[in-house]
Amino acid sequence: MLGFVPHPNLHKPVLVFGYGNLSRGDDALGPLLLEAIERSPKPILDSIEILTDFQLQIEHALDLENRDLVLFVDASMNCTNTFDFAELIPAKDNSYTTHAMSPAAVLAVYANIKKQTPPPSFLLSIKGESFELGEDLSAAAVEHLQAAMGFIEKLLADLNVLAWRKYL
């Protein structure tokens, strides 16, 4: 007997999309945070779909369909704090025509192909320092990941756009 297979058009209301390369030192911060989320209690996971990839691409715009909230998670050398949290707006930026896209460009593609406003979307950037191939997480990145995990627990405790905006 086959197990339950969800219909491909049915999505959980919240998408958490972490991207980065596990083989490139601190670039692994996004996927590693998703691994921590996957260890969350089942009631939280019932409302959250977790998706990971090496980088954002144009096809990921379709993953935003039928969502109430979207959270992108990535490592960044440009963080002013241990991690930064920001709301996104669709924007055709320089990444729009490259192989790897920014979250804002993915939102712009969604708006263009669906002819509707994308779901409320946020970016959690975790400060990284070292992104060389074959490196482990830096000591600082381990600390930044722990701080980001504490923050994301607060977000996941209240899956509401107004609650998330209070952290901006």
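User: Which residues does Leu124 touch, not counting residues up to four places away in sequence?

Analyst: Leu124 touches Leu33, Leu71, Phe72, Val73, Asp74, Phe83, Asp84, Phe85, Ala148, Phe151 and Ile152. Each counts as a contact because heavy atoms lie within 4.5 Å. A word on the ground rules: this is a predicted model, in which local features need pLDDT of at least 70 and side-chain atom pairs count only at pLDDT 80 or more, while totals for chains, interfaces and linings use all residues. Residues are numbered from 1 along each chain as its sequence is written, and side-chain values use heavy atoms, with hydrogens and water left out.

User: Why is Leu124 called buried?

Analyst: Buried means under 20% relative accessible area, exposed means over 50%, and partly exposed is in between, using a 1.4 Å probe and protein chains only. Leu124 has a relative accessible area of 0%, so it is buried. The residue lies in strand β5, and its C-alpha is 5.8 Å from that of Asp84, although the two are 40 residues apart in sequence.

User: What about Ser125: what makes it count as buried or exposed?

Analyst: Ser125 has 12% relative accessibility, and therefore it counts as buried. Ser125 is found in β5 too, and it touches Asp74, Ser76, Cys79, Phe83 and Asp84, again not counting residues up to four places away in sequence.

User: And Lys115: why does it count as buried or exposed?

Analyst: Lys115 has 65% relative accessibility, so this one counts as exposed. You will find Lys115 in the loop between α3 (103-114) and β5. Its phi is positive, about 55°, although it is not a glycine. Asn66, in the loop between β2 (48-53) and β3, also has a positive phi, of about 65°, and is not a glycine either.

User: How many helices and strands does the protein have, and what makes a stretch count as one?

Analyst: Helices are DSSP runs of H or I with at least four residues, strands are DSSP runs of E with at least two, and both are numbered from the N terminus. By that rule the protein has 5 helices and 5 strands, in the pattern β-α-α-β-β-β-α-β-α-α along the sequence.

User: What makes β3 a largely enclosed strand?

Analyst: 8 of the 8 residues of β3 (residues 69-76) are buried, so the rest of the structure largely encloses the strand. In a regular strand the side chains alternate between the two faces of the sheet. Here, Leu69, Leu71, Val73 and Ala75 are buried on one side, and Val70, Phe72, Asp74 and Ser76 on the other.

User: How do you know which strands pair with β3?

Analyst: Two strands pair if DSSP finds at least two bridges between them. β1 (residues 14-19) and β3 have 5 bridges and are parallel, with Val16 partnered by Leu71. β3 and β5 (residues 121-127) have 7 bridges and also run parallel, and Asp74 stands opposite Ser125. Both pairs therefore meet the rule of at least two bridges.

User: What makes a group of residues a nonpolar core, and how many residues does the largest one have?

Analyst: A nonpolar core is a set of buried Ala, Val, Leu, Ile, Met, Phe, Trp, Tyr and Cys residues joined through side-chain atoms within 4.5 Å. The largest has 29 residues, and Leu71, Leu124 and Trp164 have the most contacts inside it. Two or more residues come from each of β1, α1, β3, β4 (83-87), β5, α4 (139-157) and α5 (161-165). Of these, α4 gives the most, with 8 residues. Another core, of 16 residues, lies apart from it and includes Leu15, Leu107, Val109 and Tyr110.

User: How do you know whether Asp27 has a salt bridge?

Analyst: A salt bridge needs a side-chain nitrogen of Lys or Arg within 4 Å of a carboxyl oxygen of Asp or Glu. For charge, Lys and Arg count as positive and Asp and Glu as negative, while His and the chain ends are not counted. The nearest side chain of opposite charge to Asp27 is Arg24, 5.7 Å away, and buried Asp27 has no salt bridge. Asp27 lies in the loop between β1 and α1, and its side chain reaches the backbone nitrogen of Asn21 at 2.8 Å.

Definitions and conventions: Polar contact = N/O pair within 3.5 Å; in protein donor to acceptor, adjacent residues only side chain to side chain.
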